[in-house]
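Welcome! Here is a short guided walk through a protein structure, written for someone meeting it for the first time.

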Amino acid sequence: MKRLWMILLIAGLLLGAAAPAFAGTGLPVVGIPSLWTNHHTAFAGTDSITTTEDADTKTVAPPAPAAQSAAPSPSSPALEDSSIQTAPAAQPDHAGSSPSEAVAEEKPAEAIFSASSIPALDQRQSFYIDRGEFSRYLAQLYEGLTGHPLPTGSLTYPDDVPADRADILGLCALGLWEVQADGTFALNSTVTGEEAAHLVYGIITTADPMQKKDSDTALAFLQQCGIWPNGLSLTTPLTLGQAAAMLCATAKAAPDYAPVPSPPTGKTVYLTFDDGTSANTVTILDTLKAYGVPATFFVTGQADPALLQRMQAEGHAIGNHTASHDYAKIYQSVEAFFEDFQQEEDYLASVLGYRPTIVRLPGGSNNTVSKKYGGDTIMKEITAELLRRGYVYTDWNSEAKDASGKSMTPEQIQQAVFSTVGNRDQVIVLMHQNQGKESTAAALPGIIEEFQARGYQFDVISDHSYLHPFLTP
Ligand code: ZN
């Protein structure tokens, strides 16, 4: 393949991308027609975000696919690898290329676009990307996929497009960007999730028209291929971290945009254990190990670091259940919640070496006790902000009913679980691991055996797993 010129071009684009953001008009983006018909409920978004940059650099945008919250263990066959399938590099049609081009090394697919292509990504994860910056990366992606730059068409530069921004005219020539009503491109406006889906899908299907099927919608296609970041809503602005995740996943999936195998379609149970670690955690981990099944721990407070590391090493998923678990404190306001939440995240990161992106809200996302402290809409506000920051949260659809103070026998725990399972194919079981839950730990072998007898596989909660939120913002 003759791609040296292309690599040089990309390098040039990257240098250009480090230039200061464009001063623009700040005009609202003209809506792009909806491209899909089935809006997944999880993507219902909030309209309240209007700023172009989020100054809170401590927030965590969704990880690139390489940084999944769950750490799959090679020793645990029940854990499915839901990461993006990697495929050989795109093989663009070079019928029209000149024989005088220098011969370059074949590039691996993932090198077409990598997170490191984006200047200062780690510091700007949660910043909103604007149209001007996103255009650069889309052009880069297009070149990587096709081996040639975007067509420029016959457009002339509107007033707000600098003369070196052929990428913007190229996207416009492809019908992906529209000139705004005032004749500008509103380069410093944010990009909604819906626009981002339209643009990335447009790049893929222009680069490789074979990908386009009549039944496809942009969102469905991106979801099936694992390109759509979980937790991104259609209506909220895209963060730089989310943009990076989408672009990298697109490059990795090229040229075979095969559907990823997750979430599983078969009968799957997600065993989840909440609250602080205790001696019961050891029993639970021993049982899980003996049966070779993974589970998810939503931990709170200063959980035992050795137990956290054991969970991680044995292929279990770990999620944030807040530091204090104190309703009066965390549900006072969105700010109060995230202060406490961040404290737990920092602690978990210091032990685990990564920041968990899966969350369980104390009391569940639809708890009503929070209203007393933060008003009627506090849970909607918190869940919307969690999604905006790239987290996913889940409640449950089966429970051990072991949270109340009254003592239960292991048989009663098991009975409670299976009285709430019903005929569901996707079951998320709520249990607890803290001190006093000896019966839960003792009931676990029977619970695992019964799920196995009913034909369930075991999986962990992750960015790409089945989720069961009671409340969607
Ligand atoms: Zn709890």
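## A walk that starts at helix α8

Helix α8 spans residues 279–291, and its 13 residues reach 19 Å from the first C-alpha to the last, close to the 18 Å expected at 1.5 Å a residue. Please keep in mind that this is a predicted model.

Which residues of α8 are buried? They are Asn 280, Thr 281, Ile 284, Leu 285 and Leu 288. These residues cover an arc of only 135° around the axis, which puts them on the same side of α8. A general point helps here: an α-helix has 3.6 residues a turn, so residues three or four places apart point the same way. On the other side of α8 you will find Asp 286 and Ala 290, which are exposed. The cover over the buried residues of α8 includes β1 (268–274), α9 (305–313) and α15 (438–453). Just after α8 comes Gly 292, with a positive phi of about 65°.

## Strand β1 and its partners

Let us step from the helix to one of the elements that cover it. Seven of the seven residues of β1 are buried, so this strand is largely enclosed by the rest of the structure. Thr 268, Tyr 270, Thr 272 and Asp 274 point one way from β1, while Val 269, Leu 271 and Phe 273 point the other way, and all are buried.

Which strands does β1 pair with? The table lists three partners, each with a bridge pair as an example.

| Partner of β1 | Bridges | Sense | Example pair |
|---|---|---|---|
| β7 (residues 426–432) | seven | parallel | Asp 274 and His 432 |
| β8 (residues 457–458) | two | parallel | Val 269 and Phe 458 |
| β2 (residues 296–299) | three | parallel | Phe 273 and Phe 297 |

The helix from the start of our walk fits in here too: β1, α8 and β2 make a right-handed β-α-β unit.

Val 269 deserves another look. In the largest nonpolar core, which has 57 residues, Val 269, Tyr 270 and Val 429 touch the most other members. Leaving aside residues up to four places away in sequence, Val 269 touches Val 427, Val 429, Phe 451, Tyr 456 and Phe 458. Apart from this core lies another one, of 55 residues, among them Tyr 142, Cys 172, Val 191 and Ala 218.

## Helix α14

Another helix to visit is α14 (residues 410–421). Its twelve residues reach 17 Å from the first C-alpha to the last, close to the 16 Å expected at 1.5 Å a residue. Ile 413, Gln 414, Ala 416 and Val 417 are buried in α14. Seen down the axis of α14, these buried residues fall within an arc of 155°, so they line one face of the helix. Glu 411 and Ser 419, on the other side of α14, are exposed.

What do the buried residues of α14 pack against? They pack against β6 (398–399), β7 and α15. Just after α14, Gly 422 takes a positive phi of about 60°.

## Three single residues

Tyr 137 sits in helix α3 (residues 131–146). Is Tyr 137 buried or exposed? Tyr 137 has 25 C-beta neighbours inside 10 Å, so it counts as buried. Not counting residues up to four places away in sequence, Tyr 137 touches Ile 118, Ala 243 and Leu 247. Tyr 137 and Asp 167 are 30 residues apart along the chain, and their C-alpha atoms are separated by 9.0 Å.

Ala 120 has a phi near 55°, a positive value in a residue other than glycine. Its place is in the loop between α1 (4–17) and α2 (121–124). Ala 120 is exposed, because 10 other C-beta atoms lie within 10 Å.

Thr 322 also is not a glycine, yet has a positive phi of about 75°. Thr 322 lies in the loop between β3 (317–320) and α10 (327–330). With 26 other C-beta atoms within 10 Å, Thr 322 is buried.

## The whole protein

Finally, let us step back. The protein has 15 helices and eight strands. Buried residues make up 48% of its 473 residues. Among the contacts with a separation of 6 or more, 80% are between residues 24 or more positions apart.

Technical notes. Residues are numbered from 1 along each chain as its sequence is written. This is a predicted model: local features need pLDDT of at least 70, side-chain atom pairs count only at pLDDT 80 or more; totals for chains, interfaces and linings use all residues. Helices (H or I, at least four residues) and strands (E, at least two) are DSSP runs, numbered from the N terminus. The expected span of a helix is 1.5 Å times one less than its number of residues. A residue is buried if 20 or more other C-beta atoms lie within 10 Å of its own, exposed if 12 or fewer, and partly exposed in between; C-beta atoms are placed from the backbone. The arc is that of the directions from the helix axis to the C-beta atoms. Two residues are in contact if their C-beta atoms, placed from the backbone, lie within 7 Å. Two strands pair if DSSP finds at least two bridges between them. A crossover is right-handed if, with the strands pointing away from the viewer, the path from the first strand over the helix to the second runs clockwise. A nonpolar core is a set of buried Ala, Val, Leu, Ile, Met, Phe, Trp, Tyr and Cys residues joined through C-beta atoms within 7 Å.
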